[in-house]
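Subject: Handing over a structure, with notes

Dear colleague,

I am passing this structure on to you, and I would be grateful if you could look through it with the notes below at hand.

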Amino acid sequence: MELTGAEIVVRCLQEEGIEHIFGYPGGAVLYIYDALFQQESVKHILVRHEQAAVHAADAYSRSTQKVGVCLVTSGPGVTNAVTGIATAYMDSIPMVVISGQVPTHAIGEDAFQECDTVGITRPCVKHNFLVKDIKDLAATMKKAFVIASTGRPGPVLVDIPKDITRDRCRFEYPKSVPMRSYNPVVKGHQGQIRKAVQLLLQAERPMVYTGGGVILANAAPELNALVDLLGFPVTNTLMGLGGYRASSEQFVGMPGMHGTYEANMAMQHCDVLLAVGARFDDRVIGNPKHFAQNPRKIIHIDIDPSSISKRVKVDVPIVGDVRECLTEFSAQLQAAFGAGSRTHKGVQAWWQQINEWRKKDCLKYDRANREVIKPQYVVEKLWEITHGDAFITSDVGQHQMWAAQFYRFDKPRRWINSGGLGTMGVGLPYAMGVQLANPGAQVACITGEGSIQMCIQELSTCKQYDLPVKVISLNNRYLGMVRQWQEIEYGSRYSSSYMEALPDFVRLAEAYGHVGIRVERPQDVEPALRDAFGKYKDRTVFVDVITDQTENVWPMVQGGKGLTEMLLGSEDL
Amino acid sequence: MKHIISILIENEPGALSRVVGLFSARGYNIETLTVAPTEDRSLSRMTIVTSGSDDVIEQITKHLNRLIDVVKVVDLIETPYIERELMLIKVRAVGKEREEMKRMADIFRGRVIDVTDKSYTIELTGDGVKLDAFIDALDATAILETVRTGASGIARGERILKA
């Protein structure tokens, strides 16, 4: 039987087992929306802005490992989606974006709502396609899902002209689509792994540093097993939080610009560094020249060869799937331990050193303050009330760093944030995507009054689909991270970082049909959070927390500085 | 240092712009670029002359390999190779210059392929250095127009680049 292109698109989604897609209709995708209307299995979530559709699909994927799917129309639909696509690309999130295009014959004629979608999105997708023949449609959709979810994952866009969604063709969904030019490596090189294991066994000051690759490869159990077996200190990057359980003594916190003192010192002074699915980002190792001053052997496991020796020269590169590689590491180590070769005794002295560094208590803050609400306190209370088991999304800025520092994640895929692109506005749509993928789970969006206003229209989507997400806004009436940099690096000249004329968020939440709670005193934080997750469990709740206006995120490594050139507090300024 | 990157790539619309976009987005340099389909029409062969430190070239080849359309990438200078470029050059040829021009073309193994009473058009192939040398050998004011294809390259001996 022949199907229309639109029906083929929907059938492909069904074949892939897609339950939810996020999108916004428009002229070029009306046939697809019509096909969606006439079936039940793929549920469409109507957002209020295309950017949010992409973010929600992105978080849907981050929290489940499934491929996120979104659907936007041509022209402005696509350009609005670009921020979301770039965000997913920077964090290697598997996603398929379906975009409408003007009819084939009109392409290039500056038609209404036409834009060069493939051209505009090319630098921020793993791959993209323009479907020019309906006969290619099903195979192209299959390729999109394969490419998005294998190797180093990433967003793939399929641009479909309107006439193709109307034309008819026999439908057959290919089981596989061999691509001679696309064969991601899976298994790590045995010899390299053997070399790496030897280095680890001889190490006196070893350090394990893991990133988002561990989460994406679903390798958290393997990482926990390996690190426990080794007994080494371990740090997770912003993208890797939850990869190793934060409640373990071996976890030294997050590294980097706002990482812990002990994590950064250990990164700098270790003699063997095992990097797993992490990319030595500028926010993680600071100035690469300074980082290279201390000699150390670096083992780097990554599925993407181009991530290896990009910013830091690596001694033992291992290209492969992180999970496969870690399993092999553990097997070889266990064999070595069986033969009596324990890790180096020197590691004990290294732990003493690390515990010395820990005594700095670098995340200390004025916990006892009864006058103003410390933002860190809110995150700690949230952790307590949700038993450390909620899905936490965040926006970008100070609140994001406090969430990363103070919400201690024991499980992967619980911490959902924009690490690479640093996109303000992701928090609320992320929470929506997570909630839809995990109905019944506790989902909180830690945000600020700046970020939340970048996608606040999605409160309306939350209403439409009864998404009981909790927005915890740390409202300091400043673009806090900008203000912090201006204080430290720009002579306290607060150029455009003060937010005047803020809305009444409580009444705003109520106007959208939600519960709004305003919290102004430290003693009211806990009851408000308990209400949000208790009394208003089934409602969308907006908690507007008026926090200390000038609190800064510590420690801090200023841009361009070395990893150990940390400011631990305002006394270091 | 100069490198000659040979690429086998799917002969698809937009494939070229993916390669060029990669170079511009990451700040890599393209000195010349040639591309045409191979005997297998589904594949194009591209030659890019670029320069950079070993680290940069390593990143270039890794990133090229990461492109979904790219089938194979090699840096030709790693083994013996042959490089050729075609130049068409239109020169002023009046009076006794005519004989001089013809002689110069002969010395460089060039061929005069078009003639008017005031000009010659000379076809010349060789590596880039040879073409530069020819241009330098001419009186600059005599050069009316040049067009160069950019380098194509192939490995010497048995070594081949196949999908």
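In chain B, strand E6(B) and strand E7(B) form a hairpin with three residues between them; helices (H or I, at least four residues) and strands (E, at least two) are DSSP runs, numbered from the N terminus. The two strands, E6 (residues 111-115) and E7 (residues 119-126) of chain B, pair in the antiparallel sense over four bridges, where pairing requires that DSSP finds at least two bridges between two strands. Within this hairpin, B:Arg111 stands opposite B:Glu123 in E7(B). E6(B) is hardly covered, since the count of buried residues among its five residues is zero; a residue is buried if 20 or more other C-beta atoms lie within 10 Å of its own, exposed if 12 or fewer, and partly exposed in between, with C-beta atoms placed from the backbone.

Please keep in mind that this is a predicted model, in which local features need pLDDT of at least 70 and side-chain atom pairs count only at pLDDT 80 or more, whereas totals for chains, interfaces and linings use all residues. Residues are numbered from 1 along each chain as its sequence is written, while chains are lettered from A and ligands numbered from 1 in the order in which they are written.

Helix H1 (residues 5-15) of chain A, by contrast with that strand, is mostly covered, with eight of its eleven residues buried. The buried residues of H1(A) are A:Gly5, A:Ala6, A:Glu7, A:Ile8, A:Val9, A:Val10, A:Cys12 and A:Leu13, and just after the helix A:Gly17 takes a positive phi of about 75 degrees.

Chain A holds an open sheet of six strands with parallel pairing, in the order E3-E2-E4-E5-E7-E6. Its edge strands, each pairing on one side only, are E3 (43-46) and E6 (127-130) of chain A, and the twist averages 20 degrees from one strand to the next. E6(A) runs parallel to strand E7 (residues 155-161) of chain A and is joined to that strand by four bridges, and A:Asn128 has A:Leu157 in E7(A) as its bridge partner.

Another open sheet of six strands in chain A, also with parallel pairing, has the order E15-E14-E16-E17-E19-E18. Here the edge strands are E15 (415-416) and E18 (515-519) of chain A, each of which pairs on one side only. Strand E17 (residues 470-475) and strand E19 (residues 541-546) of chain A pair in the parallel sense over six bridges, and the bridge partner of A:Asn475 in E19(A) is A:Ile546. In the segment after E19 of chain A lies A:Pro555, and the peptide bond that leads from A:Trp554 to A:Pro555 is cis, with omega near -10 degrees.

Helix H16(A) lies across strand E16 (443-448), E17 and E19 of chain A, running at about 160 degrees to E17(A); axes are lines fitted to C-alpha atoms, for helices over the stretch in contact, and angles run from 0 to 180 degrees between N-to-C directions. The axes of H16 (residues 375-385) and H17 (residues 398-406) of chain A come within 9 Å and cross at roughly 45 degrees. H16(A) and H17(A) are therefore oblique to each other, given that angles under 35 degrees count as roughly parallel, over 145 as roughly antiparallel, 65 to 115 as roughly perpendicular and the rest as oblique. Two residues are in contact if their C-beta atoms, placed from the backbone, lie within 7 Å, and in this way A:Pro375, A:Gln376, A:Val379, A:Glu380 and A:Trp383 in H16(A) meet A:Gln398, A:His399, A:Trp402, A:Ala403 and A:Phe406 in H17(A).

Two residues other than glycine have a positive phi that you may wish to look at: A:Phe280, near 50 degrees, and A:Ser496, near 55 degrees. A:Phe280 lies in the loop between strand E11 (272-276) and helix H12 (282-285) of chain A, and counts as buried because 23 C-beta neighbours lie inside 10 Å. A:Ser496 is found in the loop between helix H20 (480-489) and helix H21 (505-511) of chain A, and is exposed, with 8 other C-beta atoms within 10 Å.

With best wishes
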